[in-house]
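I opened my notebook to see how charged side chains pair up here and how the chains meet. Here is what I looked up, entry by entry.

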Amino acid sequence: MKALKLFWIFFRVGVLGELAYPANFFLQLFESLLDLGTALGGLAVVFAYTQTLGGWKPDEVLALVGVFFLVGGVIRLIIQPSLERLIEAVGEGTLDFTLTKPADAQFLVSIQSVEIWRCTDIVLGAIVLGAALSRLGTRVGPGRAAVFAAALLAGLVIVYSFWLILATLSFWLVRVQNILVIFQSMYEAGRWPVGLYPRWLRFALRFLVPVAFATTVPAQALAGRLSASALGAEAVLAVFLFGAARLFWRLGLRRYAGASA
Amino acid sequence: MTGLAGIYVQQFKTTLASFAQYRAAIFIWMIGHVLEPLVFMIVWSAVTLSRGGSVGGFGRGDFAAYFLVLMLVNHATYTWIMYEFEYRVRHGDLSFLLLRPLHPIHTDIVDNLSSKMLTLPLILVSAAVLAVLFKPVFHIRVWAAAAFLPALGLAFVVRFLVEWTLALAAFWTTRVGAINQGYYVAALFLSGQVAPLVLFPASVRAVAAVLPFRWMISFPAELLLGRLTPAQAAAGLAIQAGWLGLALLILKLVWRAGVRRFTAVGG
């Protein structure tokens, strides 16, 4: 409960800070629309020549695009800005100010910065998802929707944990910013079903840079092609990775304390 | 002219040494350069499978060859000047560049070429690995291969001039992100990076013919892959030359207006 309240306060501060620059909203909306137009244009060109892509129907790939924007929006709204600020704070030694606060430090650094206008990606993603759902029609019942929600949540936890592990590397390494670029490049591959890719790339998108769990897997759930065992495996991975990220963060923090003493 | 050549050599040594420190960063930035054409290669390869082997005259091996060559051309011609220039204007670094007796475009050309010297081995290795994995099919003719080099050179120069001019937008607004992205999206579709241009409707192809994008990226690739007749190739080279002159003219005009404006703001 306290965590939720804290989150709300940080969120509000982020909003208030940005409200002074309303023009940024329109610029961000314009950029998000361009990005969406690119994705839809790509689909249009591809599906002008085929009915299915690797077993995916056009509406199912449309749903995937919606998920891709939704998850990308969440990452850029809060995960990326917050953890980039963490890396900066570790480099400059200003993390001390966060550590002296009487709340869980991992939680604080994970919500410390909100780029509110990035919500345009989330809203557009939701709209695309809604459009895809209405076209998929009655095939998506409450059961399938619940599986989708669970897969999406697990995917977000996996992506967050992965980002935290990368950002925590900054306790040991200097130029972690560059490693984050790897995630951003690889995330782009999530626009298409990872089943299309050759085995080595699929492996990389699952276990080296876990993009697939946050994009393809939830979309598979909507299409009704996600088995219970696959969902279970994703949930286990999410719990495991979250625990691992927490342990790693503690380890890094100990090192930070040691260095500043 | 020997003076300028000497400056180029000296500048080349300096930037090469300074970029060598950031090898890791440059290599990481390259992941996107390889991954983007790779993704479209795979997507189109899946489309050919569902269509029983061929789409608009492209088989799987043809798509592999197209996106492989496109990746190399794109890598040879790309610039990051639009992002760099915004930083320069915003942080005031441009003032120092303007104090030099040399036009800043020269150091930018050298910077661009030296970074590519460092990444060339890597992109060639990537291309070789992808060639082994995806088995491209080439139908290369000697005349087309000979015309490829001037076409690639012109593509590089035209793209450099166009993007350098566009980067000057930073003189008028610090919010160039939207402009850059609009340019990027247009280039993605109109320079054949999403799909070979012949797969687009005739209206899109007509637009691509009059805008510079095709002539900066996909034209050399189409030429090398033997998809153009000698007449089309000659016309393409002429259009590239035309864009070169036009881009140079616009660059001069915009640069003059921009510098005047920059002085006004800084003064």
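**Entry 1: a salt bridge across the chain.** I began with Asp59(A), which forms a salt bridge with Arg135(A), the closest N and O atoms lying 2.8 Å apart. For a salt bridge I required a side-chain nitrogen of Lys or Arg within 4 Å of a carboxyl oxygen of Asp or Glu. The pair links distant parts of the chain, since Asp59(A) sits in helix 3 of chain A and Arg135(A) in helix 6 (residues 119-136) of chain A, 76 residues apart. Helices here are DSSP runs (H or I, at least four residues), numbered from the N terminus. Asp59(A) counts as buried at 17% relative accessibility, whereas Arg135(A) is exposed at 55%. My cut-offs were under 20% relative accessible area for buried, over 50% for exposed and partly exposed in between (1.4 Å probe, protein chains only).

**Entry 2: ground rules.** This is a predicted model, in which local features need pLDDT of at least 70 and side-chain atom pairs count only at pLDDT 80 or more, while totals for chains, interfaces and linings use all residues. Residues are numbered from 1 along each chain as its sequence is written, chains are lettered from A and ligands numbered from 1 in the order written, and side-chain values use heavy atoms, leaving out hydrogens and water.

**Entry 3: more salt bridges.** How many salt bridges are there over all chains? I get twelve. One of them joins Glu84(B) and Arg88(B) at 3.7 Å, N to O. Both lie in helix 4 (residues 81-91) of chain B, four residues apart, about one turn of the helix. Glu84(B) is partly exposed at 30%, and Arg88(B) is buried at 6%. I also found that salt bridges sharing partners join Asp35(A), Glu188(A) and Arg191(A) into one network. Within it, Arg191(A) and Glu188(A) meet at 2.9 Å, N to O.

**Entry 4: where the chains meet.** Which charged pairs cross between chain A and chain B? The count of salt bridges there is zero, but five residue pairs are in polar contact (both at pLDDT 80 or more). A polar contact is a pair of N or O atoms within 3.5 Å; within protein, one must be able to donate a hydrogen and the other to accept it, and residues adjacent in sequence count only if both atoms are side-chain atoms. Helix 2 of chain A gives the most to the side of chain A that touches chain B, with 13 residues.

Definitions and conventions: Helices (H or I, at least four residues) and strands (E, at least two) are DSSP runs, numbered from the N terminus.
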